[in-house]
Amino acid sequence: MEKIILLLFILLIPFSFASSQYKNVGIAKYAVLEVKNDNTPLRDNDNENANRLAHLFKNAVLFADKENKDYYRVELNEKLYGFINKKFVDVQAIIPEKRVDNINKITFKETKDNFDVKIETDSQSAFIVEEEGNNLNFTLYDNHFDPIDTKIVNKTDNFAFSEKISNELEINFLNNQKLFGYDVVHFSKGYIFTIKKIPKINKKKPLKNITVVVDPGHGGAEAGACAFGLEEKNINLKISKLLKRELEKRGAKVYLTRKKDVKTGLYDRVQFSKEKNADILLSIHQNSLANPKDIVNKHGVGTYYYHNQSKPLAQAIQNNLIKATNFKDDKVNHASFALTRPTNAISVLIECGYIIRKEEAQKLADKNFQKIVARAIVKGCEDYLRDL
Ligand SMILES: [Zn+2]
C-alpha cells in the first residue's frame, strides 16, 4: 500500500527534461530506484543510442531527481547526470534527501596475475570506470569515504584514492604497465575491482600461454550478412577455426564461442570469454552496408574497438590484414558493440571484408584466402603482445 502511494506521488510530480526544458522537483526530493538486473546500462542521455556511462549490477540503488516518459535522471554529482530506462528499475521510495552510504573497508591485494581492490560498503550504488592513459579511475557515487573511519588494509604503491567531491570515492589505479584487462564484480556488501597484470611475454613466441577466445559472429537462424549464395555465419566459422589452429600452433590457449552452426546469444559469448579468463577476445565478422549509399565508398577490412586499452591490438591486426589481403583500408573504428565492450579481455571485432561486394565475397569464400586472413590476425596479435 505504501508503495502505491509513493508511486502515485512520483507520477504526480511534473518532471520533464532533456529535449524539453528542465523542471525542478521543487524542494529536494529523490526517487529511490533499485536496479532489477545485472549489466543494466546507465547512459549519458535519455535515449537508447546514448553513450553508456556504466553498467550497473542488480540491486544497485540510484537516486533520481527528475523523470520523463521513459527515463529517470540520476544525479551522480553536481555536474554529472546519468539516465536510466524506467523498465530497468523499481521505485522503492520517495525521500527528501539523498541517502549516503558508508565505505567501511578497503583492502588491496597483489596476486600472481592481478591487482585486486575490495571495497566494502553498506549497499550498492552507481559507479563509473574510466581509462586515462595507463591509469584507471574508479568512482563510486553516494558513498561517504572517510579516510579516518574507513579501514584501509595492505595498501601498496599501485593505488591512490581520494574523496573528490563529497559522497564520492575515487580510486586511481596507477599502472606503470599498459592496461591488459580489468573488471568489477559485486558481492552483497561491495565490490571487487581486478586489474590484470601483463604476463611475461616471450618475444620469439609472444602467444605462448596467452588465452584467446575466438568468436565466430552469428550462427543458427541468424545468418548475418548474405550475398551471392554466401552466408556470413559460415565464413565467420571457417575463418575462426583456421584462426584457432594458427594461434594454437604458436602456443596460445584458444576457445571458440561456437564450434558449430548454432545460435549463440551475444551475452553468452561475453560470459564465455569471462569464464575462460580470456586475455584477448576476437570477434570475426564479414561486413555489409548499413546504408546502400555507401556502395561506392565502403570496401575492405575494418577493425573495431571500444575501450582505449584495445586500440593497439585493433591497429596491429588492421595493419597486418591490409598488408596480407590488399583490401581497401576501412580503418580502425571506435564502436560500441557487445563484443567490443568487455573490459576483462583486450576485445576487438574484425570485419574481414564486405560480403556484399562480389570481388571481396569471392575471396572471403576461398579457403586459401581465409588462411591468409587468419594468419594476418595472428601476426597482429603477436605484434601487439611484443609491444606491451
Ligand atoms: Zn556480422
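# A tour of three domains, two pockets and a zinc site

Start by colouring the chain by domain: domain 1 covers 2-95, domain 2 covers 101-196 and domain 3 covers 211-386. What you have open is a predicted model. Put a marker at the C-alpha centre of domain 1 and another at that of domain 3; 37 Å lie between them.

**Confidence**

Recolour by pLDDT. The average for the protein is 89. A score of at least 70 is reached by 93% of the residues. Now select residues 1-27. Here pLDDT stays under 50. The model still gives this stretch 43 contacts beyond four places in sequence. Keep the selection as a named object, then move on.

**The zinc ion**

Which protein atoms hold the zinc ion as donors? Show H218 (NE2), E232 (OE) and H285 (ND1). These donors lie 2.1 to 2.2 Å from the ion. Along the chain, the donor residues follow the spacing H-x13-E-x52-H. Switch to cartoon and pick out two of them. E232 belongs to helix α2 (residues 232-249), while H285 belongs to strand β22 (residues 280-287), so this pair ties together parts 53 residues apart in sequence.

**The largest pocket**

Next, turn on a pocket surface. The largest pocket holds about 1,100 Å³ of space. To find its centre, select A54, H55, H307, R341 and T343, the nearest of the 38 lining residues. Which elements give two or more residues to this lining? Highlight the strands β3 (52-56), β10 (127-132), β11 (135-141) and β16 (182-187), then add helix α3 (266-275). Colour the lining by residue class. You should count 18 nonpolar, 11 polar and 9 charged residues.

**The second largest pocket**

Move to the second largest pocket, with a volume of about 600 Å³. Its lining has 27 residues. Select D113, N114, K196, N277 and D279, which are the closest to the centre of this pocket. Which domains each supply at least three residues of the lining? Domain 2 (101-196) and domain 3 (211-386) both do. Now show β16 and β17 (190-196): each supplies at least two residues of this lining. β16 also appears in the lining of the largest pocket, with two or more residues there. Finish with the class colouring again. The lining of the second largest pocket has 11 charged, 9 nonpolar and 7 polar residues.

**Views to save**

Store three scenes: the zinc ion with H218, E232 and H285, the largest pocket with its 38 lining residues, and the second largest pocket with its 27.

Terms used. Residues numbered from 1 in each chain as written. Predicted model: local features only at pLDDT ≥ 70, side-chain atom pairs only at ≥ 80, totals over all residues. Heavy atoms only, no water. Domains from an automatic or database assignment. pLDDT = per-residue confidence, 0-100. Contact = heavy atoms within 4.5 Å. 1 Å grid on protein atoms, 1.4 Å probe; cavity = no way out; pocket = protein on both sides within 12 Å on 5 of 7 lines; lining within 4 Å. Points joined across faces, edges and corners; volume = space filled by probe spheres on them. Helix = DSSP H or I, 4+ residues; strand = E, 2+ residues; numbered from the N terminus. Nonpolar A, V, L, I, M, F, W, Y, C, P; charged D, E, K, R; others polar. Donors = N, O, S within 2.8 Å, 3.2 Å for Na, K, Ca; no water.
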